[in-house]
Amino acid sequence: MKLIVWDFDGTLADTRPLIVDGMESTLRALNKDEALLEKWLTCVGLPVEEGLRLTFGTNDEMEMDTILKIYRSYNWTGNSHLIRPFPGMKELVAELDSIGIKQAIATSKRYKALAPQLADFGWTNTFHPIVTPDRVTQPKPHPESLEVCLQSHTLQPQDALMIGDTLYDLYMAKSANVPSIGVSYGFATKEQLLEATPITIAGDVEELRKILLQQSN
């Protein structure tokens, strides 16, 4: 294992409080049923536009424009205090770096939103490359994001490992022929993640740490 490619939301960072607050604000502004929140949470891992389209069940472009405008008007930056790395994650990322394992990010979060969050955690220069939907032609679960990571380090699929908390992450890895590990502390359950047949599934960061250190030997 020469390269670990991380998902961000629900894998490196606990972003659920911010994601929930942002969607609750959007639903109130649109006067929509709050039950749509659960549908939205199943779409975490997809690019925002696709997730919103699935959540609200619309192909009407005018309606989508309205939804996107209201969603983006939420004070995402001002509420960034709601986001934090999962307990033990900063230490794990630093430990992996110290033993020479390269680390990258492949996320469905746009770079403009991701960059300040990485800066808050002291991770601005930790991951290379950082692949976001605005930096590829086809985002998750298409394999392009992982292919970019492999090309950046001149590696073969078997040299890398994808870690993610949704089926979008794991199916992307499967399509790219990259081994994967699922984490069940994010947005999907262990049972759901098993559908994509990852190497294994970690229930918390400490369990993930043990798995990764074993893989690195």
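This is a friendly chat about the pockets, salt bridges and unusual backbone spots of a predicted model.

Trainee: Hi! I'm new to this one. What volume does the largest pocket have?

Mentor: Welcome! In this predicted model, the largest pocket has a volume of about 730 Å³. Of the 27 residues that line the largest pocket, Val 48, Tyr 71, Trp 76, Lys 109 and Ala 113 are the closest to its centre.

Trainee: Which elements give two or more residues to that lining?

Mentor: Those are α1 (16-30), α3 (48-56), α4 (61-73) and α6 (111-120). The one that gives the most is α6, with five residues.

Trainee: And how does the lining of the largest pocket split by class?

Mentor: There are 11 nonpolar, seven polar and nine charged residues in the lining of the largest pocket.

Trainee: OK, next pocket. What is the volume of the second largest one?

Mentor: The second largest pocket comes to about 230 Å³. Its lining includes Arg 16, Glu 38, Asp 165, Tyr 168 and Phe 187.

Trainee: Which helices supply at least two residues there?

Mentor: Both α2 (36-42) and α8 (167-175) do. The largest share, three residues, comes from α2. By class, the lining of the second largest pocket divides into six nonpolar, three polar and three charged residues.

Trainee: Changing topic: how many salt bridges does the structure hold?

Mentor: Nine salt bridges. As background, side chains of opposite charge can pair when their charged atoms come close.

Trainee: Lys 109 came up earlier. Which residue forms a salt bridge with Lys 109?

Mentor: That's Asp 9, and the closest N and O atoms of the pair are 3.2 Å apart. The two sit in distant parts of the chain, 100 residues apart: Asp 9 is in the loop between β1 (3-6) and β2 (13-14), while Lys 109 is in the loop between β4 (102-106) and α6.

Trainee: Is that pair buried or exposed?

Mentor: Buried, on both sides. Asp 9 counts as buried because its relative accessibility is 11%, under the 20% cut-off. Lys 109 is buried too, at 13% relative accessibility.

Trainee: Got another pair for me? Which residue does Glu 49 meet in a salt bridge?

Mentor: Glu 49 meets Arg 72, with 2.6 Å from N to O. This pair also links distant parts of the chain, since Glu 49 is in helix α3 and Arg 72 is in helix α4, 23 residues apart. Glu 49 forms a salt bridge with Arg 110 as well, where the closest N and O atoms are 3.1 Å apart. Here the partners are 61 residues apart, with Arg 110 in the loop between β4 and α6.

Trainee: How accessible are Glu 49, Arg 72 and Arg 110?

Mentor: Each is partly exposed: Glu 49 has a relative accessible area of 21%, Arg 72 has 46% and Arg 110 has 37%.

Trainee: Which residues are linked in a network of salt bridges?

Mentor: Asp 7, Lys 140 and Asp 169 are linked that way.

Trainee: What about disulfides, how many are there?

Mentor: The count comes to zero disulfides. Among the cysteines, Cys 43 is buried, with a relative accessible area of 4%, and Cys 149 is buried at 0%.

Trainee: Back to the loop between β4 and α6. What does the side chain of Ser 108 reach?

Mentor: Ser 108, which has its place in that loop, reaches the backbone oxygen of Gly 45 with its side chain at 2.4 Å. Ser 108 is also buried, with a relative accessible area of 7%.

Trainee: Last topic, the backbone. Where are there cis peptide bonds?

Mentor: One runs from His 128 to Pro 129, with omega near -5 degrees, and Pro 129 is in the loop between α6 and β5 (130-131). Another runs from Lys 140 to Pro 141, with omega near 5 degrees. Pro 141 lies in the loop between β5 and α7 (144-153), and Lys 140 is the residue from the salt-bridge network.

Trainee: And which residues have a positive phi without being glycine?

Mentor: Thr 154 is one, with phi near 50 degrees. Thr 154 is in the loop between α7 and β6 (160-164) and counts as exposed at 72% relative accessibility. Asn 177 is another, with phi of about 60 degrees. Asn 177 is found in the loop between α8 and β7 (180-183) and is exposed, with a relative accessible area of 59%.

Trainee: Thanks, that helps me find my way around!

Key
Residues are numbered from 1 along each chain as its sequence is written. This is a predicted model: local features need pLDDT of at least 70, side-chain atom pairs count only at pLDDT 80 or more; totals for chains, interfaces and linings use all residues. Side-chain values use heavy atoms; hydrogens and water are left out. On a 1 Å grid over the protein atoms alone, a cavity is a set of points where a 1.4 Å probe fits but cannot get out, and a pocket is an open set with protein on both sides within 12 Å along at least five of seven lines; lining residues have an atom within 4 Å of a point. Grid points are joined across faces, edges and corners, and a volume is the space filled by probe spheres set on the points. Helices (H or I, at least four residues) and strands (E, at least two) are DSSP runs, numbered from the N terminus. Ala, Val, Leu, Ile, Met, Phe, Trp, Tyr, Cys and Pro count as nonpolar, Asp, Glu, Lys and Arg as charged, and the others, Gly among them, as polar. A disulfide is a pair of cysteine sulfur atoms within 2.5 Å. Buried means under 20% relative accessible area, exposed over 50%, partly exposed in between (1.4 Å probe, protein chains only). A salt bridge is a side-chain nitrogen of Lys or Arg within 4 Å of a carboxyl oxygen of Asp or Glu. A polar contact is a pair of N or O atoms within 3.5 Å; within protein, one must be able to donate a hydrogen and the other to accept it, and residues adjacent in sequence count only if both atoms are side-chain atoms.
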